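Trainee: Could you take me through one part of this complex in some detail? I would like to see how a single helix sits among its surroundings, and then how that part fits with the rest.

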Amino acid sequence: MNLEKIKNLNYLLIFLLILISFIGAAGLYSAADGSYQPWASKHLLRFYVFLLMAIVISLIDIKIIYKYSYALFGLSLLLLISVEIIGVLGKGATRWIRVFGFSIQPSELVKITIILALAKFYHDIKFENIKKTIYLFFPFLILSVPFGFVVIQPDLGTSLSILILGTFILFLVGIRLWKFILGLILSIVSIPIFLQSIKPYQRDRIISFLNPESDPLGKGYQLIQSKIALGSGGATGKGFLQGTQSYLEYLPEKQTDFIFTLIGEEFGFLGTIFIIFLFILLIGVCYFISIKCFHTYGRILALGVASNIFIYVFMNIAMVSGLMPVVGIPLPLISYGGSVMLSIMISIGLVLNVELNYNYKKLDNA
Amino acid sequence: MFYSDQKKQVKLLNRRTFFLFLIKLSLFSVVGWRLYNIQILDSSKYKTMSKKNQIDLEILFPIRGEIFDRNKVLIAKNDKVYDVYIIPENTKSINNTLNALSQFIDIDFVKRRKVIELSKKVKKFEKIKIFENIPWSTLEKIETNKYSLQGVFIAEDYLRVYPYKDNFSHLLGYISKPNQQELSLPFISKMPNLDIGKEGLEKSFNPILVGKAGQREIEVNSNGRIIREISKIDSIKGEEVSLSIDLRIQEYAINLLKSHRAGSINVLNIKNGEILCMASTPTYDPNKIIQKPNKEYWESILANTLSPLTNRSIQGLYSPGSTFKMIVAIAALKYGIINTDTTHSCSGKIEFGDRLYHCWKTNGHGKMNVTEAIKQSCDVFFYEISKKLGIDKIAEVAKDFGLGQSYGISMPNQKTGIVPNKKWKKEKMGESWYAGETLISAIGQGFVLTNPFQLAVMTSIIASNGKIIEPTIIKSSGVSFKTNDKYYEEIKIIKKAMYKVVNENKGTAFKSRLQSIKFAGKTGTSQVRRISLSERESDDFREKEQEWKNRDHALFVGYMPHDDPKYAISVIIEHGGSGASTAAPIAKQIFNYINELEA
C-alpha cells in the first residue's frame, strides 16, 4: 500500500460523495421532524467510516484485487447462500446477515463481486472469443446463480438490478445486440411462468403498480402518497422541514426507499433535478476513469460500478414517481441504511483504485 | 495481430461506453421528464390533494350507562336496534334496490323520492339512512335476502329504553340531542350527535352516564373516502347508576295516584336518607319521546293543562296547610310561648285586627292544648299562639326542618318554595309584614309554599328527633345522620300528638289507622281559593259538590313505625278534598304495602 497515492485520489469524486451524503443527512434530519436522531447522525457516522474504508480500498494494489476477483465472488455467493440458512427475517424477505454485530445484505455485496468476476473474465479472454456464444456460458453462470438466490429470497428489486447490471456489462464488452434482443424475447416469454412462481405479495405489487387506484387501501397506497408529496412540492418545494405529507406519517419508510419523495416535497423540482444532476456527475466521473484506464479489467470495473449506482438511482426515482413497481430499492448515499452505503462505498473505493492504477498494462505478475 | 486486436477492443469499448452513457442519460431524462410532469405540470392537482388527503378524527360514541333501582332491577337500559342504509356505489340501480326492499318493508313515495334525490347529492360511497329501528321480523327478511338487495346495509345502534314506562318518567327524564347551550358541556365536547339526558336523573348524571368517547383516526382522500384506519381507541361505556328508589313502592304509588288526576307521593328512609319513592302524576312515557316520530305525543303532552312534564314532588308548590302546624307548635314550645298545659279556647273563629279568622270546624273545638290542637287540627289554637310567636321565629324553625331549600339529590330544577318572614316580604314586595299574615301562615296558608318532597324531609326530621337528614337518590351504604338535640324536647311532644292524629278517636286520620303497625302523621287541607263569606255561612259548604279545580288539595305527612320510625311519607292529592278523606288513606295503603314487603 502506497500512501503517496493519496494525493492523486479523485477529489471531485470524493467531493460529490460528501455532497450527496450531506443532502441525505438533511433529508433524514427532516424525516425525523427536525432531529439528528434517529437517522441523520448515524447516517453521517457511517459515511465517515465507510469513506475511510473506501480510501483504504483505493490504496490496495489492483493486482491483488484482480487476482482474488473470483475468490471474492465465491465468498459473497457463500454469504448469500448462508442467508437462506441463518438469515434473519426483514420485511417479508430474507436478505440480511449479521456480521460483526451489524446486519448486511449479501445481495448488495454480490453485485460488486459480479462486476469483479465479469471484469476479470473479460480481461482475460481473447478479443476474438468475446463474440463466441460458448464464451457466454461462464458470464451467464456468474449472473444467474446469484440472481437465482436473490429471486428465492425473494427480492424483486435486487434480482432485477442484477439482471440489468449484467446486461449493461455484457453490452459494454461487446456482446452482439441480437443476443440481447433474443434474451429480451426469452424474458418476455418467461414472464407468465415467472408470475406463476413468485409469491402473491409480489404479484400484488406488480398489479397494484399497473392500477394503483384499484386498491388505495393497500399496495398502491405508498405510490399515491409518494406522488402527492412530490407533486405538492412544485417547482421550488415547501422549504426545508416544511413538508406536510411526511410529517403526517403518510409516507411509509420515508427514511429509506421514499427519502427522495421527502426531498422532492421540501425542495421541489429544482431539488430533485439537482440530485439527478449530482448522480450524473458521479457516474460521469466513473466513466471518465473508465475511459482513462489502460486495462480492460479497470474499464469494466469502473463502468460496472457506475452502472450499479445508476441502477439504484434510476430504479428508486422511477419507483417513487410511479414509473416502476415499488420494489424496495434505496437511493444510494441518501436513503438510510448501512448495507447499501457499505456496498456503494466499497465500489467507489474500487473505482478510486482503478484511477490510481490506470496505467498498468498487465495485471498478472506471472 | 495482437496489437490490432487490442486496438479493436479499445475501440469497441469506447464505442459501447459512449452508447451506455447515452442510454443512461436518456433513462435519466425519462425520470426527469416524469418528475417535471408531477412537480411542475400536475403540481396544482397534487397540491390540492395534499391539502385534502388528511387525517380525520372519527368519534366513537360510548354506550350510555344503565340505571337500576335499589334491588338491581334495570329501569333504564340500551336496546340494540337496527337501521337500514343504502350505499349508492354498491348498487347498479337504486330504483331496483328500493323495489326489492319494498317487498319486505313499506317505502312510501315521499321516502323513495327523498332517498333517490339524496343519492344524487351525496358522495356515492356515503350511507343514506332509509329506516331506523326496524322490527326484528323485517331485519330477518332483509338479512336472508341480502343478495337480492344490492347496496343495502344494516347498521346497529342503541336505543334508550325505559322498561317501566311512565313510572319513572319524572325521576329519570329522557335523552335527546343536545341543544346549542349543552354543546359546551365538558362531557359532550366531541360528540355533538350524542343523545344526552334532558331531564331528571338522566340529565344530572350525564357526566357519569355518558362514558368516554373513543376515536378512530382515519385517513381520507380528497373525495372524503376513507383510505385507512390509522389508530383506534375504543369508547368506554358510561357508569351504571343504582338508585335508592324501590321499583315496587314506586309502581304501587303511581298506581294509587292514577285514581286521581294529579298528585305526588314521596317515601324516605329516615335511617339513611334514601328516597324510596318519588311519584308524581300525571306522568308521561319517556319511550314515546325518544322514539321518533314523537311530534304527536309531544303535542299531547303540551296540550295537557295538568302539565305532565312537571315533577310535582320537587317542582309543585303547595300551601302546606295543617302539616305546617308541627313547625309552629315546635317554635312556640321552643320559645316558651306555650307549654304542654297552655290552653286556648276555640269557638270556631277569632277576631284579630278588623278581620275574622275561622277554624275549619265552624262550631269550634272548645278548650285545646297543643297536643289536642294538632290531633284535631284546631286552627284557632295556632292563630292564638302565632300572635305572640311572630313570623320570624316560625320561619327560623321551618328552615331548620328543611323547608324553603333544595337538596343535594341530583334532581334538576327543584323549586325551593317560600318560608316567609318580615325581611322576605320587604325585599320581595316592598311592603311591611302585617300581623294578620302571621295568623294565616300559622295554619300553612298565605305566603307559605312547600313542595311535597320538602314535607317528607320535614317529617323525617321530626320522626328522627331532629337528626339532620340528608336525602339521597343514590343507593347508599350505611349512612347515619348526626343527632341534633336543638328541638329534642319539643319534638317529643309533637310526635306524641302526631301519634294521636292517627291512633286516637277524634284524631283527623283516625279512620286511616293500621292495626298491624302503628304509624303517626298529620293531615292537611290546603285551600285553593278564598272561601266567600256567604259560602262559609251556609252550613254545608264543604259537603257541596264543587268544581274539581276549586276543591282543596289533600295532604298527609307521616312516619312509620311509631316507636322507631324508619319511613317517612308525604302525600298530596291535588284538589283531592280533605287530607283526612283522601291523602291519609293513601299513606295508610303505602305504609301497609311497605310493611308487607318487609314481612
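Mentor: Happy to; we can start with one helix of chain B, follow a neighbouring helix to its packing partner, and then step back to the chains.

Keep in mind that this is a predicted model. The predictor gives the complex an ipTM of 0.92 and a pTM of 0.59. For chain B the mean pLDDT is 88, with 93% of its residues at 70 or more.

Our helix is H18 of chain B, residues 435-442. Is it mostly covered or mostly open? Six of the eight residues in H18(B) are buried, so I would call it mostly covered. The buried ones are B:Glu437, B:Thr438, B:Leu439, B:Ile440, B:Ser441 and B:Ala442. Several elements of chain B help to cover them: the helices H13 (325-334), H15 (379-389) and H16 (391-400) are included, along with the strands S14 (349-352) and S15 (355-358). Just after H18(B), B:Gly444 adopts a positive phi of about 70°.

Now pick out H13(B), one of the elements covering those buried residues, and look at another helix it meets. Two packed helices are described by the angle between their axes and the distance between the axes. The axes of H13(B) and H20(B), the latter spanning residues 488-503, come within 9 Å and cross at roughly 135°. That angle is neither over 145 degrees nor within 65 to 115, and H13(B) and H20(B) are therefore oblique to each other. Their crossing is right-handed. On the H13(B) side, the residues that meet H20(B) are B:Met326, B:Ala329, B:Ile330, B:Leu333 and B:Lys334, while H20(B) brings B:Glu490, B:Ile491, B:Ile493 and B:Ile494. By class, this contact has seven nonpolar residues, two charged and no polar.

For a contrast to the buried residues of H18(B), try B:Leu306, in the loop between helix H11 (295-303) and helix H12 (312-315) of chain B. B:Leu306 has 12 other C-beta atoms within 10 Å and is therefore exposed, since 12 or fewer is the cut-off. Beyond its neighbours within four places in sequence, B:Leu306 is in contact with B:Arg261, B:Ala262 and B:Pro282. The C-alpha atoms of B:Leu306 and B:Thr281 are 8.9 Å apart, with the two positions 25 residues apart along the chain.

Stepping back, chain B also meets chain A, in a contact that takes 33 residues from chain B and 40 residues from chain A. On the chain B side, H1 (2-41), H2 (43-52) and strand S9 (226-233) each supply at least two residues. The largest share, 21 residues, comes from H1(B). That side of chain B divides into 15 nonpolar, nine polar and nine charged residues.

As for the partner, chain A has 15 helices and three strands, and buried residues account for 50% of its 366 residues. Of the contacts in chain A between residues at least 6 apart in sequence, 70% join residues at least 24 apart. Chain A averages a pLDDT of 85, and 85% of its residues score at least 70. Over residues 87-93 of chain A, though, the pLDDT is below 50, and this stretch has 13 contacts in the model beyond near neighbours in sequence. Residues 214-219 of chain A also stay under 50, with 14 contacts beyond four places in sequence. Where pLDDT is low, the predicted coordinates should not be read in detail.

Note on methods. Residues numbered from 1 in each chain as written. Chains lettered and ligands numbered in written order. Predicted model: local features only at pLDDT ≥ 70, side-chain atom pairs only at ≥ 80, totals over all residues. Contact = placed C-beta atoms within 7 Å. Helix = DSSP H or I, 4+ residues; strand = E, 2+ residues; numbered from the N terminus. Nonpolar A, V, L, I, M, F, W, Y, C, P; charged D, E, K, R; others polar. Buried ≥ 20, exposed ≤ 12 C-beta atoms within 10 Å, placed from the backbone. pLDDT = per-residue confidence, 0-100. Axes fitted to C-alpha atoms, helices over the stretch in contact; angles between N-to-C directions. Parallel < 35°, antiparallel > 145°, perpendicular 65-115°, else oblique. Left-handed = near helix turned anticlockwise from the far one by under 90°.
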